[in-house]
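Trainee: Please take one part of this model and go through it closely. After that, place it among its surroundings.

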Amino acid sequence: MNIESLMWLIPAFPLAAFFLIILFTNRSNFISHTLALLGAGLSWLASMYIFIQAVRAGDLAKLPFGSSLAWLPTGSTTLKIGVQVDPLTAITLFFVAWTVLMIFIYSVPYHNYGAPKGEEDRPGLPPQGATVRERTHGKKSGAGRSLHVVPSVEPLYARFFALISLFAFAMFTLVLSDNLLILYVGWEIMGFCSYMLIGFWYGKPSARDAMVKAFMTTRLGDVFMLLGVVALYSVTGSMNYSAIFQHTQALAASSGILGLSWAGLIAILLFIGVIGKSAQFPLHVWLPDAMEGPTPVSAMIHAATMVSAGIYLGLRFFPLATMGWAPGQAQTIPMTTMAIIGTFTALFSATMALAQNDIKRVLAYSTISQLGFMVAALGVGAYVAAAFHLVTHAFFKALLFLSSGSVIHGVEHGVLHTGDHDVDAQNMFNMGGLRTKMPVTFWTFLIGGLSLAGFPLITSGFWSKDNILADAFNGGHYVVFGVLAVTAFLTAFYTMRQITLTFLGEARTRSAEHASENSWVMLFPLVVLAVFAVSLGWVGIPADFPVLGGLVPNWFGTYVGTMVSGVELPAGHSPTPLLTSLVVSLGGLYLGWRVYRDVRVGQPDPVQKAIPSVYKLLKNKYYIDEFYNLAFVRPAKWFAETVSYKWIDRGLIDGFLHFIARGAWVVGTVLRVGFDVPVVNGTGDAVSAGTRGLGGIMRRWQIGRIQQYMILTILAVVVVGGIYYAFVFFVP
Amino acid sequence: MILQIFFLIVALVTLVSAFLVVTARGLMHSALWLVLALFGVAVLFAFLEASFFAVVQVLVYIGAIAILIIFAVMLTRRTKDDSGARLIKGWWVAMLASLALFAGLVVAMSTWPGFQIGPGAGPDPAILPQFGMDLVDPNKYAIPFEVASILLLAALVGAIYIAAGRKEGKG
Amino acid sequence: MIPLAWYLVFSIALFCIGLFGVLSRKNAVVILMGIELMLNAVNINLIAFWRYFFAGSSQQEPTRALAFVAIVFVAAAAEAAVGLALIISAYRRRETVVAEDMNLLKG
Amino acid sequence: MPVFPSDPYGFLTQWFNNLLLHQGLPETTVRLISFAVGSLILVLGSLLFCLLLIWAERKIGGRVQDRLGPNRVGPYGIVQAVADMMKIFTKEFVTPAGVDKVVYNLAPVLSVAAVIMIWAVIPFTITFFGTDLNVGVLYIVAVGGLAEMGIVMAGWGSNNKFALLGAFRAVAQLISYEVPMVVALLLPVMLSGSMKLSEIVRSQDVWYIITAPVAAAIFFITSLAENGRAPFDLMEAESEIVAGFNVEYSGLKFGFFFVGDFLHAFTIALLFSVLFLGGWRGPAADQIPILGFFYLGIKTAIVYFFGLLVRFSLPRFRIDQMMNLNWKMLTPLSLGILIATALVDKGSANLLSSMAPTARLIVRSIILVLANVLVVWSFSDIFDVALGKRPRPVVALEPRPVARPEQPPTPTEGGTP
């Protein structure tokens, strides 16, 4: 099979799995997850093959693999849809395929495949556990048999696999597309899937709220993005990436809005879409709430698909945002916007992460923060560094989410075992000491956490983050550099807080004591992802790094750098960023361990004790949700209730209708009495009476004896035939 | 010569029984005369060296259609009484019409030059397999043949539906 | 040596006898029998023409007439089945098989 | 030139024809005369053969029912049937009042004639047959229809409600069982590629009972039903409708029905042997035709014996059971086996054409047997349902519970405030 057809097939496998599961196999959990895994696995195989081919191909940035079909004739031109693989697509495909496959595998044990059905389980609610009668473990109860609560299988198991298959399909479509339109299609399907999956347990009111919130918030960005797409099409007349960037003149022309060029305006519009999808300030509010979905979904959204798609779009339109810019010059307006928003978001969400107790929420804020890093990197023109951080972040964040899911799963097992249903299995203050209970999870979480914190030299997160800091510093963007350094410090601090609270020290609840390690099917993805979280950094070590630089070639920089040949950043020689990285990461980690190492049961957060007012502000996420509620939601509700419904709908429209109706009724009555009864009915009656009279006369001809009709017919035939015969033969 | 005599006998018997079919007083007798008439036609088919259709005539007409008709005769009467008028009032008009048609057709036919010719070469013995192949040959008669099968199936379903009595209470 | 004329006259006669039955009998079953006779007359005609003109001929397809006859057989069978079913159904409702008495639609 | 000891029939025919030709008669006339004489001999022979059949049946019936059977007249009672015949001949020729005379008297003749007409096409040896019709199988089925006419005429002509009921039942049964029988007959036709009985016999290098066992079984069952003997004797059913369509007949007229019945049973055995057991084929039957006659006789006797065993050991079906058996089992099965055999035979034709002749025979047989087994196996479910062994599967959707939000969810740290 050649690469062209293979590229088309990659999204097709999960799509086929989705339809098969939805339409046919949704009764059988086994067949459903087999189909989903098969789809993801085949896509993974194809992606790896294409990735290897893409790496071996020379000058892929200029001559990408591609294949396209004419799809929709639009006037004189034809809209083409197609697939393409260039270096950016190749690396994105690489991490998407890996993380998707691992998340799929992980979902099987996460949803307790093979466990019995719970008695209280309802579709739309998380499984509550099943009571089984089995041998109690432990020797002191003897050989007795007793009731025992074990995890129960997810009631909507098959639906879950169908939806994440669709999710994977959308992401593959988005990544492989060679034009903006199909990218937008994948983008929107992904929005829909995130809506369905965040609200997967739709029986929970909080999940319902979260799904609506996520959908509405991202939609806000999508509207602007659609505007950008339309503007781009109307300016360049094409949707294809390679075609778009050839219209430099048209793009450089002034748009007349805010003094921006068309390129700048479109870049900003598209960037608003990125803000929505990648949860940048001020549209970041949906991402933490998206934790209401099952953990594989969180991993999917945070690592493999949604937010990565946002950054992918940013990378894809980097040439647009940087049009007319060269390294060393002043930034363009879109770049400045990106740098400001990215930097601010990074710091802002890192602070909020400090005060969260839910293990997944901390990770959610860290995601926003890391995405801020990437956006900021784009803002300072560090294309390669942003792409590199995107890849490494995808792996270690997927690892962190899956590990945290493993932790929650383990603690939930403990909850079911002890029966303390008041214990929240996601609250870190209910954990502690899990290091010994769940060793594999601990080590993988530790690797992921250190990578997130940028533990020097060995973790991939260090290298990618260091790249961003170095590029910011070398480009002379000291403010960005400084803020990001502080953020990195905070990142290390809250990561260590999380690790310490969760795994180190003593168990703070009985549930945590009874937590147990999960099955190897669940741990296998963690191990695989952990390997990547460590090793991936080594493909992007800058050549000028002290001591280590040059030992390994900077393959990543070279490969992805071909995408932006012409606007490479100058190589830096300053040790400042390196030292900063070392200090902030090690310092943050140490401080985090120091502060949280001996938190006892029932004790409040040490930070809360130290600075209660700031903690309260952080805990409540700067009251942004409340602010949005007050500023947008309540006025909108008031408007809908009072203005739209009461005044316009009831008063104006209904009143008008009632008036018309009364008038029509009056006119109708007049017409009926004056015209319909005497004229129309009279005519009708006369006609029918006439018809009846006529029928009475004509019925006498109708004897109703079919045989006599037939006799007449035959006689007629004979006569007519005779005449015809006579004419033909006897008339000369 | 023998063949001609034989033909005349068979034709006469067939025509007489056909006439009795339409004039016999007893319905059952009509049906039995019909059997004889159909059998005579089968013999004529044999005369014409269409042995397949001769056998099919016996199989389909006598084995199936005649039996069906006899059943219908038995099912649509309360007694064996066949009294009462069996012809409609204007039957002589019908007779006249039929005779006129007969005369007209014979006269018309007799002016045709091929009227008095003798038989051509007899059929190839392999015509029957050939006929079978042609019936399912898409370039020849496959479509009429299949349409005929559909027609038969439809008639089967329709006949059962029409003739089957509705159950009580189902309207 | 039987001339074609004999078969044709025979077939015309059979057809007219059947026609007379159809036209004159009151009982619907006999009318159906008359129709069968007419169909048989047609078949005799077809087979006779086939035998005299097409059977041994190599120019024309010798099986064409046979296909016609086969279709007529099928039509006859279908007609008999449906016709008799109709008669039985009508008898069940109206207690009569006399064609003249089925005059519900008569004005 | 046929030699007398090995082919007496051929020898005699030739001799007779030569005799007439030497008298100076034209050839057509000679053929006509020899046909007439031949059919006369065949009819008389078969009618007389019936005496033996009646004796054999009574004797075997006796053994099955733990009796002796006829044993007074002649050795082993073998002349008993002759004595009965005498008695029947001397009985009064009764025609009851109120019957339709012509119809009433024609019916017995027709029912015997319908059976004997079948004998016209049966190849007894390689040279000994009435006529080798090229639509022989069709002819057999068509002549079967005449037997139905006989029964209807008997039932209606007798002017007796039991006779009429019997005729109704008989015709319903015969017409119904004709359907699977015709389809089953198509299998030998399909496998041999011809409707000529002689061709069917000649093509049986492997007996069709081996390559088409299901069709053979269907043909055997349906021919029992066509014959109207136990367990399919609903048309006579002494305990319900006295004696069915022949209740008003006595003396020689009843004797006709009686002979027709026995002859029919034997004819069916004969047909079965010809169609499925290789007819006259056997060692050296090609060279010495008279051997084929004996082979056919032995095969027919065996089949006839099996038919008798069935008759004497099974109770009568109820009418719904009889119809169920036909429409719900035999008809679908026969259609299934027809389609399967057609597909398999055509499908394997290419494969087989490259093989040696012996190997081709063996492989073809194995494939066809496998197809038969497969069809029967795949129909076993339908049979279970038709026989009431298993209830019909009921397909219904079970209602699915939906989420009940009023149930308190697991407490987690709050969502949106």
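Mentor: Two residues are in contact, or touch, if their C-beta atoms, placed from the backbone, lie within 7 Å. Leaving aside residues up to four places away in sequence, A:Leu400 touches A:Leu363, A:Phe445, A:Gly448, A:Gly449 and A:Leu452. This is a predicted model, in which local features need pLDDT of at least 70 and side-chain atom pairs count only at pLDDT 80 or more, while totals for chains, interfaces and linings use all residues. Residues are numbered from 1 along each chain as its sequence is written, and chains are lettered from A and ligands numbered from 1 in the order in which they are written.

A:Leu400 sits in helix α16 of chain A, residues 383-418; helices are DSSP runs of H or I with at least four residues, strands are runs of E with at least two, and both are numbered from the N terminus. A:Leu400 is buried because 33 other C-beta atoms lie within 10 Å (20 or more make a residue buried, 12 or fewer exposed, and anything in between partly exposed). Its contact A:Gly449 is 49 residues away along the chain, yet the two C-alpha atoms are separated by 6.9 Å.

Another helix of chain A is α15, residues 359-379. Helix α15(A) has 21 residues and reaches 31 Å from first C-alpha to last, close to the 30 Å expected at 1.5 Å a residue (1.5 Å times one less than the number of residues). Because 21 of its 21 residues are buried, α15(A) is largely enclosed by the rest of the structure. Just after α15(A), A:Gly381 takes a positive phi of about 85°.

At the start of chain A, α1 (residues 3-25) packs on α2 (residues 29-56) at an angle of about 170°, with axes 9 Å apart. The axes are lines fitted to C-alpha atoms over the stretch in contact, and the angles run from 0 to 180 degrees between N-to-C directions. The pair is therefore roughly antiparallel (over 145 degrees; under 35 is roughly parallel, 65 to 115 roughly perpendicular, and the rest oblique). The contact of α1(A) with α2(A) holds 20 nonpolar, six polar and no charged residues. Nonpolar covers Ala, Val, Leu, Ile, Met, Phe, Trp, Tyr, Cys and Pro, charged covers Asp, Glu, Lys and Arg, and the others, Gly among them, are polar.

Now to chain B. Chain B has six helices and zero strands, and 34% of its 171 residues are buried. Ten residues of chain B are in contact with ten of chain A; on the chain B side these are seven nonpolar, three polar and no charged.

With chain C, 73 residues of chain B meet 64 residues. Helices α1, α2, α3, α4, α5 and α6 of chain B each supply at least two residues to that side, which divides into 57 nonpolar, twelve polar and four charged. One helix pair there is α1(B) with α1(C), residues 4-24, whose axes come within 8 Å and cross at roughly 10°. They are therefore roughly parallel. Among the residues that meet are B:Phe7, B:Leu15 and B:Phe19 from α1(B), and C:Trp6, C:Phe10 and C:Ile17 from α1(C). By class this contact has 13 nonpolar, two polar and no charged residues.

Chain D has 15 helices and zero strands. Of its 417 residues, 40% count as buried.
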